[in-house]
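Dear colleague,

I am handing over the structure we spoke of, and I would be grateful if you could look through it with the notes below beside you.

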Amino acid sequence: MNKSYLNTLLASAFFCLATVISAKAQDVVIPIETKDNALVLQVTPDKLLNMVYFGSKLTDKNEYGAIAKMYNFSGTIGSYNNAYTSSGTRNLLEPAIAVTHADGNKSLDLKYVNHTVTKINDDVSLLSIKLKDSVYDFEVTLNYQTYYNEDVTEQWSVITHHEKKDVVLNKYASANLCIKAGGYWLKHYHGDWAQEMQPEEEALNHGIKTIDSKLGTRADLFEPPVFMVSLNKPAGEDEGEVMYGNLEWSGNFRIDFEVDPANNLRLIAGINNFAADYVLKPGVEFTTPKFVYTLSSKGKGEASRNLQSWARNYKIVDGNGPRLTLLNNWESTYFDFNEPKLAGLLKDTKKLGVDMFLLDDGWFGNKYPRNGDHAGLGDWQVNKAKLPNDIAYLVKEAKANDVKFGIWIEPEMVNPKSELYEKHPDWVIKQPQRPELYMRNQLVLDLTNPKVQDFVFGVVDDLFTKNPELAYIKWDCNSIIFNAYSAYEKNQSNFYTDYVFALYKVLDRVRAKYPKVPLMLCSGGGGRVDYGALKYFTEYWPSDDTEPVERIFIQWENSYFYPALTSSNHVTDWGKQPIKFRVDVAMMGKLGFDIVIGKLKPDELAFCQNAVATYKQFSDEIWHGDQYRLQNPRENDVASIMYVNPAKTSAIMFNYLVSTRYHAGSSAIKLKGLNPDKMYTLSELNVFPGRRSTIAEANYSGKFLMTVGVNPDVRDGRASVLIAVKETK
């Protein structure tokens, strides 16, 4: 078979269903292409699978075969660019996979067998590459699922063996990339409760930089599994080459960035193998979580839009659908409420003009009433003292007020002071001979136990069975795992990994029975936000810090990786900013309120009502439009961001004063994403009652707005300004 014919065959395979290709190893070049990018794999004469290119797509696929000859991926100890680096044989760098075979041997040398291309639809293709050890009956299938139009790839591995006894997986990554550039700059995040998404950017030097989590659940609390790597120089918003990555896993993760002796960046992402050697039985398939990434040659903004578009189209529940605005009772009542008080809040919900009332923590527990966070968690019976007529009464009252009703749960957790803990101490994660350690006075239930899975699913199912018109669930998860030990799990080293698999089993059951019900992923703020969890949820809670200036920064950083309709932003009493500023900030995502409506002054209530109406008018732009970050709050007095509908006929621009310096304020800000040849009308939104806008309604060309810009007149006394941009009819 000549090389030209084989390349033609490979190209056509991307448009065929389940095409299996086995060829002479020295002839196989495997391009993985999206609209603008390509990742190229090549099989060497001795059947090693190497990654030889990651960058802009070439016009001629035949040229991919020449790339490996032009770049040096090798050093004095051999090749560094293996597509899934194994341990114990030729490789002496950080491995993607390390195993202990049934006979105790720790070597692994994976060789190419064949590959299969499956066309899922016009946009999505799956490449599966089978690798096998030449000595042991041990296989790995590498999977690359591409989303052509979005320039996004999901990568994962499936590991199996047919040895006589169990094999131990000592490391089992989802992806192993080898990238060639003149330099690498990593932007990643750290934080804690109410301090989420604090960015750091650093040049990567020789050696290994690792970001990881060892918290079990709420794994993102200190370090989220998201990052960006700029190639050759730090990328800007609209220029530079940058890769975004996100591990779709809601447990312990590990991402290694190794600059090797040949100056390649070797990136390995997957489940954290800390205290987690995985015992794999013969014939059982172990599927790693997906690692999703996108590459942009036009800066961070394009990379964000790639990932956001992919998430809306393929990952998030009802990603192209609507979201519910709401009023939450938490910060207005905390645990102190009863039916009359809640009935009043339901009337306030209608008065405000939002879609739904959300009842938060404190509605359950009888023997141990949930009157604080020390008791009752796990006892999901309605508290008869607070709600003598059950949840059904509140659902009925909500319907009478023409609003929907939602409720808070935290079914994965338990207070030691609860009936559940008394009846099932073996359901709790804890070391049998050590003192219990608590976070928010609670412990984590052992989801690896099928009975616990049934219990957690039952909490959700019981609520919907008894209340079919229940419209929304806020699903919290406040504790990390201390004293990791399962009374059910036989292999304790499997526990951390199996715990997350078990969580997904429960969520699969929930979504199978209730596929469209909105669910908020809370987790004490941004403690469990990743695309592994967001596969099951419609939205997430970025932080318990709702102070609006701080929220601008937190929401800004999340916007690099997640679309606006997933970000639950509530108006609260945190901070000293006026109600207009707080509402304007919360509108930059999925709008909610957590304030006492009865305490608002008449003009404040009128403003909120008008703002809700305005939000609904522009919700499609915010939820489903293209996002453009205009001015970074860390670099400017004024933060500015805008959302443009796909037709480029309507947009909304958010502007916030984030500096307290004397004379801080805005100058002209250039807009983005408009049609340069169309005319647009600009007008100010959310003007507070009794105030007059300083922005005169006027018409401008798209080219003028994107070349010269507009000054939103943000300054002291006008700290938040929203501007509508409408194509002139």
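The notes that follow take up the pockets, then the cavities, and lastly one of the sheets.

Please keep in mind throughout that this is a predicted model, and that the values below were computed from its atoms.

The largest pocket holds about 620 Å³ of space. Its lining is made up of 27 residues, and those closest to the centre of the pocket are P578, R715, G717, R718 and A719. Two elements, α12 (579–586) and β38 (720–727), each give two or more residues to this lining, and of the elements it is α12 that gives the most, with three residues. In character, the lining of the largest pocket divides into 11 nonpolar, seven polar and nine charged residues.

The second largest pocket has a volume of about 380 Å³, and it is lined by 21 residues, of which W193, W330, R440, D476 and D544 lie closest to its centre. Here the division of the lining is eight nonpolar, four polar and nine charged residues.

Turning from the pockets to the enclosed spaces, the count comes to eight cavities when a cut-off of 30 Å³ or more is applied. The largest cavity has a volume of about 120 Å³, and 16 residues line it, with E196, M197, P224, G526 and N558 nearest its centre. When the residues of this lining are sorted by character, nine are nonpolar, four are polar and three are charged.

The last item is an open sheet of three strands, which has the order β2-β3-β4 and in which the pairing is antiparallel. Strands β2 (29–33) and β4 (49–56) stand at the edges of this sheet, and because each has a single partner strand, one side of each is left without a neighbour in the sheet. On average, neighbouring strands of the sheet are turned by 20° against each other, if direction is ignored. Between β3, which spans residues 37–43, and β4, the antiparallel pairing runs over seven bridges; if you would like a place from which to follow the register, L39 has F54 in β4 as its bridge partner.

When you open the model, you might begin with the largest pocket, where P578, R715, G717, R718 and A719 lie closest to the centre, and then go on to the second largest pocket, where W193, W330, R440, D476 and D544 hold the corresponding place.

With best regards

How values were computed:
Residues are numbered from 1 along each chain as its sequence is written. This is a predicted model: local features need pLDDT of at least 70, side-chain atom pairs count only at pLDDT 80 or more; totals for chains, interfaces and linings use all residues. Side-chain values use heavy atoms; hydrogens and water are left out. On a 1 Å grid over the protein atoms alone, a cavity is a set of points where a 1.4 Å probe fits but cannot get out, and a pocket is an open set with protein on both sides within 12 Å along at least five of seven lines; lining residues have an atom within 4 Å of a point. Grid points are joined across faces, edges and corners, and a volume is the space filled by probe spheres set on the points. Ala, Val, Leu, Ile, Met, Phe, Trp, Tyr, Cys and Pro count as nonpolar, Asp, Glu, Lys and Arg as charged, and the others, Gly among them, as polar. Two strands pair if DSSP finds at least two bridges between them. Helices (H or I, at least four residues) and strands (E, at least two) are DSSP runs, numbered from the N terminus. Axes are lines fitted to C-alpha atoms, for helices over the stretch in contact, and angles run from 0 to 180 degrees between N-to-C directions.
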